[in-house]
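Subject: Structure handover

Hello,

Here is the structure I said I would pass on. My notes on it follow below.

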Amino acid sequence: RDQWVTPFAAGKLKTGQVWDARFGWVPKGHVAHYETGEQLWKGQWLPTEQVAKYRGQWANAWEIETEHYVVRTNASLERGVEFATKLEKLYAIFFRIFAGFFSPRDQMAMLFDPPNRRTAIGKIDEPDRRQNKKFRVYFYRTREEFLETLRPYVKTGLDVSTGLYLTGTRTAYFYVHEQMDEATVIHEATHQLFSESREHRHGDGSRGNFWVIEGIACYMESFRDRDDHVELGAWETPRLKRGRERMQKFLPVDKLVQLGMPDFDGPEIYDLYVQSACLCHFFMHHENGRYRDVFVKYLEEVYLGRADYQTLAELLGIDYATLDRQFRQHVVEGKYQ
């Protein structure tokens with residue numbers, strides 16, 4: 001009609017649904033029931049409190065569908081919608097910043113072209129299209145449910161986790177608690193976006209270079225939603241702030257790029273994470289993003305399993321000694337735009 005909407009939203013509107021910031025996509029005629037404290041359960045309008053008891057069982061959990069996510073939760077409909085909305089904002093900024101990760105041209109077409117549209121390389125077969133595959137997120141009411149679900153998959157470190165993304169199940173898992181750890185949500189959701197947005201080897205085949213897989217998720221913890229805009233890169237973000245405080249623990253960059261996943265599971269893991277976060281900050285912000293496009297290309301090479309110890313230096317066109325000096329100066333000065 002007279003407004004610009006996405007193809008997904010247009011489909012919803014054509015079926016008589018409307019978006020409500022509290023209840024998600026619902027038939028327009030149902031909004032009044034929701035506002036008076038009723039929800040639909042097996043064809044009947046019942047008090048919200050009564051429906052919540054049924055939905056509290058995971059088998060009956062709410063499913064909130066947005067353009068790119070399906071969030072399943074037994075916490076509450078409102079919490080689920082709020083959670084899904086946050087994830088959609090992350091998705092939006094992610095695909096603007098890391099668009100270069102999704103080349104070549106057929107990947108860009110798969111991500112951004114409406115279904116059934118032909119591209120210069122022809123029509124993409126439906127099984128390969130990303131539009132029909134939404135990111136799956138489970139958001140539990142209690143920590144106990146979260147732990148019970150993940151114990152068969154995770155053998156160590158689960159007891160201290162507040163959220164986790166598993167490549168094997170292609171699902172991100174979180175739970176409700178008093179001080180919701182937004183940094184963990186953004187961190188694990190970033191892993192999910194990089195892992196599922198295109199087919200690749202998840203870094204398998206790359207020699208070393210594991211730092212960037214964790215580092216970019218740590219950097220994205222600086223994501224801040226300011227309603228009318230999003231901010232990234234504030235040094236006050238806990239991980240980045242601690243990195244600046246622990247610079248004396250930093251490895252030379254040429255040593256960092258040689259480390260693989262097993263090296264990030266030892267006693268030095270904390271210092272490796274904060275250094276990796278700061279190094280990603282450098283690539284994203286140094287001299288107004290001078291290295292940003294090359295850095296995104298490097299991310300692609302790592303995820304595709306094609307990176308070795310020299311890939312980063314070769315793409316940048318500078319030696320590791322120069323890179324290390326620039327990086328440390330960047331962290332000391334604490335500049336970013």
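To begin with one helix: the buried residues of α6 pack against β7, β8 and β9. The residues in question, within a helix that covers 143–150, are Glu145, Phe146, Leu147 and Leu150. Please keep in mind throughout that this is a predicted model.

The main sheet

The strands that α6 packs against belong to an open sheet of 5 strands, ordered β5-β6-β7-β9-β8 and with mixed pairing. Its edges are β5 (62–65) and β8 (163–166); each has a single partner strand, so one side of each has no neighbour in the sheet. From one strand to the next the twist averages 20 degrees.

Helix α4 also packs on this sheet, where it touches β5, β6, β7 and β9 (171–175). The direction of α4 makes about 150 degrees with that of β6.

On the pairing inside the sheet, β5 and β6 run antiparallel and are joined by 4 bridges. The connection between β5 and β6 is a hairpin through 3 residues. Glu63 has Arg72 in β6 as its bridge partner. The two faces of β5 differ in cover: Trp62 and Ile64 make up the covered face, Glu63 and Glu65 the uncovered one. On its other pairing, β6 (residues 69–73) runs parallel to β7, over 5 bridges. Here Thr73 stands opposite Phe139 in β7.

Aromatic pairs

The count of aromatic pairs comes to 34. Phe83 and Phe139 form one that is stacked, with 4.2 Å from centre to centre and 10 degrees between the planes. Phe83 belongs to helix α4 (residues 77–97) and Phe139 to strand β7 (residues 135–140), so this pair ties together parts that lie 56 residues apart in sequence. Both Phe83 and Phe139 are buried.

Phe210 and Phe264 give an edge-to-face pair, at 5.2 Å centre to centre and with 70 degrees between the planes. Phe210 lies in helix α8 (residues 210–219), whereas Phe264 lies in the loop between α10 (253–256) and α11 (269–285), so the pair ties together parts 54 residues apart in sequence. Which side of the burial cut-off do these two fall on? Buried means under 20% relative accessible area. Phe210 has 11% relative accessibility and therefore counts as buried. Phe264, at 3%, counts as buried too.

There is also one aromatic cluster formed by Tyr69, Tyr91, Phe94, Phe95, Phe98, Phe101, Phe135, Phe194 and Tyr303.

Arginines over rings

Arg72, the bridge partner of Glu63, lies over the face of Trp58, 5.3 Å from the ring centre. A second case is Arg244, which lies over the face of Trp235 at 5.2 Å from the ring centre.

The hairpins before the sheet

Strand β1 (residues 17–20) and strand β2 (residues 24–27) run antiparallel and are joined by 4 bridges. The hairpin goes from β1 to β2 through 3 residues. Across it, Trp19 stands opposite Trp25 in β2.

β3 and strand β4 (residues 44–47) likewise pair in the antiparallel sense, over 4 bridges. In β4 the partner of Gln39 is Leu46. The hairpin of β3 and β4 has 2 residues between the strands, and Lys42 takes a positive phi near 50 degrees there.

In a regular strand, side chains alternate between the two faces of the sheet. Strand β3 (residues 38–41) shows such alternation: Gln39 and Trp41 point to one face and are buried, while Glu38 and Leu40 point to the other and are not.

A covered helix

Last, helix α7 (residues 182–196). From the first C-alpha to the last, its 15 residues reach 21 Å, close to the 21 Å expected at 1.5 Å a residue. Helix α7 is mostly covered, with 13 of its 15 residues buried.

Regards

Notes. Residues are numbered from 1 along each chain as its sequence is written. This is a predicted model: local features need pLDDT of at least 70, side-chain atom pairs count only at pLDDT 80 or more; totals for chains, interfaces and linings use all residues. Side-chain values use heavy atoms; hydrogens and water are left out. Rings of Phe, Tyr and Trp (its six-membered ring) pair if their centres lie within 6.5 Å; planes under 30 degrees apart count as stacked, over 60 as edge-to-face and the rest as tilted. Buried means under 20% relative accessible area, exposed over 50%, partly exposed in between (1.4 Å probe, protein chains only). A charge sits over a ring if NZ of Lys or CZ of Arg is within 6 Å of the ring centre and within 35 degrees of the ring normal. Two strands pair if DSSP finds at least two bridges between them. Axes are lines fitted to C-alpha atoms, for helices over the stretch in contact, and angles run from 0 to 180 degrees between N-to-C directions. Contact means heavy atoms within 4.5 Å. The expected span of a helix is 1.5 Å times one less than its number of residues.
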